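Please examine the sequence and the three-dimensional structure shown below. The report that follows describes them step by step.

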Amino acid sequence: MGSATREEGGERTWFLVALQKGSEIWRQNAPGVLGTPTARDGVVFMPFMTQWLTMLDAATGDKLARIRQQDEAINFVRANSDGVFYGS
């Protein structure tokens with residue numbers, strides 16, 4: 001998994017790419033700056049634009065859910081044996 005940006009017509013496009021054995025298996029565009037993604041139990045957690053967290057199916061890249069945080073920024077997302085945590 002990794003995130004990247006490229007310039008298209010003077011605008012930046014952000015996207016998350018999932019790789020398996022060096023080959024791309026899916027790509028998901030993001031409407032703004034991405035934070036560092038993490039994964040747990042077949043779900044990829046992709047923070048973006050400091051207020052959104054999208055959950056994606058790790059095998060397909062399909063969107064499962066999206067959370068918008070209005071009170072505080074989402075500057076990180078972490079996964080460990082206790083669960084998934086996000087915050088600022």
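Which side chain does the side chain of T54 join through a polar contact? The partner is the side chain of R66, and the contact spans 3.0 Å. The model discussed here is predicted, and the sections below place this pair in its surroundings.

## Overall composition

The protein contains nine strands and zero helices. Read along the sequence, its pattern is therefore β-β-β-β-β-β-β-β-β under the strand assignment used here.

Of the 88 residues, 32% count as buried. The accessible surface of the protein amounts to about 5,500 Å², and carbon and sulfur atoms hold 45% of this area. Among contacts with a separation of 6 or more, 22% come from residues 24 or more positions apart.

## The four-stranded sheet

Four strands make up an open sheet, arranged in the order β4-β5-β6-β7, with antiparallel pairing. At the edges stand β4 (38-40) and β7 (63-68), each of which pairs on one side only. On average, neighbouring strands of this sheet are turned by 20° against each other, direction ignored.

The link between β4 and β5 can be followed in detail. Strand β5 covers residues 43-48 and runs antiparallel to β4, to which three bridges join it. One residue pair to locate is A39 and V44: V44, in β5, is the bridge partner of A39.

## The setting of T54

T54 belongs to strand β6, which comprises residues 52-57. Is T54 buried or exposed? Its relative accessibility is 1%, and because buried means under 20%, T54 counts as buried.

Leaving aside residues up to four places away in sequence, T54 touches V44, F45, M46, F48, K63, A65 and R66. R66 is thus listed among the residues that T54 touches, and the side chains of T54 and R66 also share the polar contact of 3.0 Å.

## Nonpolar cores

In soluble globular proteins, nonpolar side chains tend to be buried together. Which residues form the largest nonpolar core of this protein? This core has ten residues: W14, L16, A18, W26, A30, L34, V44, M46, F48 and L56. Two or more of its residues come from each of the elements β2 (11-20), β3 (23-30) and β5.

Another core, of six residues, lies apart from the largest one; its members include F45, L53, M55 and I74. The residues that T54 touches include V44, M46 and F48, which belong to the largest core, and also F45, which belongs to the six-residue core.

Methods:
Residues are numbered from 1 along each chain as its sequence is written. This is a predicted model: local features need pLDDT of at least 70, side-chain atom pairs count only at pLDDT 80 or more; totals for chains, interfaces and linings use all residues. Side-chain values use heavy atoms; hydrogens and water are left out. Two strands pair if DSSP finds at least two bridges between them. Axes are lines fitted to C-alpha atoms, for helices over the stretch in contact, and angles run from 0 to 180 degrees between N-to-C directions. Buried means under 20% relative accessible area, exposed over 50%, partly exposed in between (1.4 Å probe, protein chains only). A polar contact is a pair of N or O atoms within 3.5 Å; within protein, one must be able to donate a hydrogen and the other to accept it, and residues adjacent in sequence count only if both atoms are side-chain atoms. Contact means heavy atoms within 4.5 Å. Accessible areas come from the Shrake-Rupley method with a 1.4 Å probe; for residues, only the protein chains shown count as cover. A nonpolar core is a set of buried Ala, Val, Leu, Ile, Met, Phe, Trp, Tyr and Cys residues joined through side-chain atoms within 4.5 Å.
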